[in-house]
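Subject: Structure for you to look at

Hello,

I am passing on the structure we talked about. Please open it alongside the notes below.

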Amino acid sequence: MTKLEEALATTIAADDEGNLTRSFDGLRVLDFSTTIAGPHCTRMLADMGAEVIKIEPSEGETMRTRPPLRNNCSTAFGQLNIGKQSLVLDLKSPAGVEAVRRLIATADVLVENFRPGVMRRLKLDYASVRDINPKLIFCSISGYGQ
């Protein structure tokens with residue numbers, strides 16, 4: 001074994017590899033994000049072991065149809081959302097909002113990147129949900145500021 005191989009073997013032992021990739025095991029993340037910044041953030045959380053539930057409308061997130069496509073599926077969407085669960089909900093319906101509120105009660109993190117005011121209009125902004133889950137980490141991502 002070379003010195004480099006020995007150094008690598010002692011740096012990341014086989015026993016520790018699970019610790020590197022499952023650091024967020026048990027963490028539940030609700031992902032309302034679209035396009036790139038939010039999905040990239042939640043993809044990293046999923047890669048580290050978090051359970052990520054992507055909430056999408058019935059027509060699907062906009063990135064599902066963005067090129068490049070392989071077998072009529074967006075490769076960018078696949079890359080950004082691998083490792084996540086997907087749930088279709090109509091956030092404009094009372095039943096959809098109630099389902100989200102039940103999920104929020106069990107979540108650790110919520111990530112969204114809607115236009116400013118959308119979560120407030122849906123009554124899903126932090127002020128509206130903090131009583132459901134006071135420990136919830138609420139992350140709003142904006143590419144151009146709020």
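What follows covers the sheet, the helix across it and the nonpolar cores. Please keep in mind that this is a predicted model.

The sheet

There is an open sheet of 5 strands, paired in parallel, in the order S5-S2-S1-S6-S7. Strand S5 (85-88) and strand S7 (137-140) form its edges, each pairing on one side only. On average, neighbouring strands in this sheet are turned by 20° against each other, direction ignored. At the S7 edge, strand S6 (residues 109-112) pairs with S7 in the parallel sense over 4 bridges. Glu112 is found opposite Ser140 of S7.

The helix across the sheet

Helix H5 (residues 94-106) lies across four strands: S1 (28-31), S2 (51-56), S5 and S6. Relative to S1, H5 runs at about 150°.

The cores

The largest nonpolar core has 19 residues, and the members touching the most others are Leu30, Leu91, Ile104 and Leu124. At least two residues of this core come from each of S2, H5 and helix H6 (118-121). H5 gives the largest share, with 5 residues.

Ile104 deserves a look of its own. Beyond its neighbours within four places in sequence, Ile104 is in contact with Leu30, Leu110, Leu124, Val129, Ile132, Asn133 and Leu136. Apart from the largest core lies another core, of 8 residues, including Leu45, Val52, Val111 and Ile141. As general background, nonpolar side chains in soluble globular proteins tend to be buried together.

Regards

Key:
Residues numbered from 1 in each chain as written. Predicted model: local features only at pLDDT ≥ 70, side-chain atom pairs only at ≥ 80, totals over all residues. Heavy atoms only, no water. Pairing = 2+ DSSP bridges. Axes fitted to C-alpha atoms, helices over the stretch in contact; angles between N-to-C directions. Contact = heavy atoms within 4.5 Å. Core = buried A, V, L, I, M, F, W, Y, C linked by side-chain atoms within 4.5 Å. Buried < 20%, exposed > 50% of the residue type's maximum accessible area, 1.4 Å probe, protein only.
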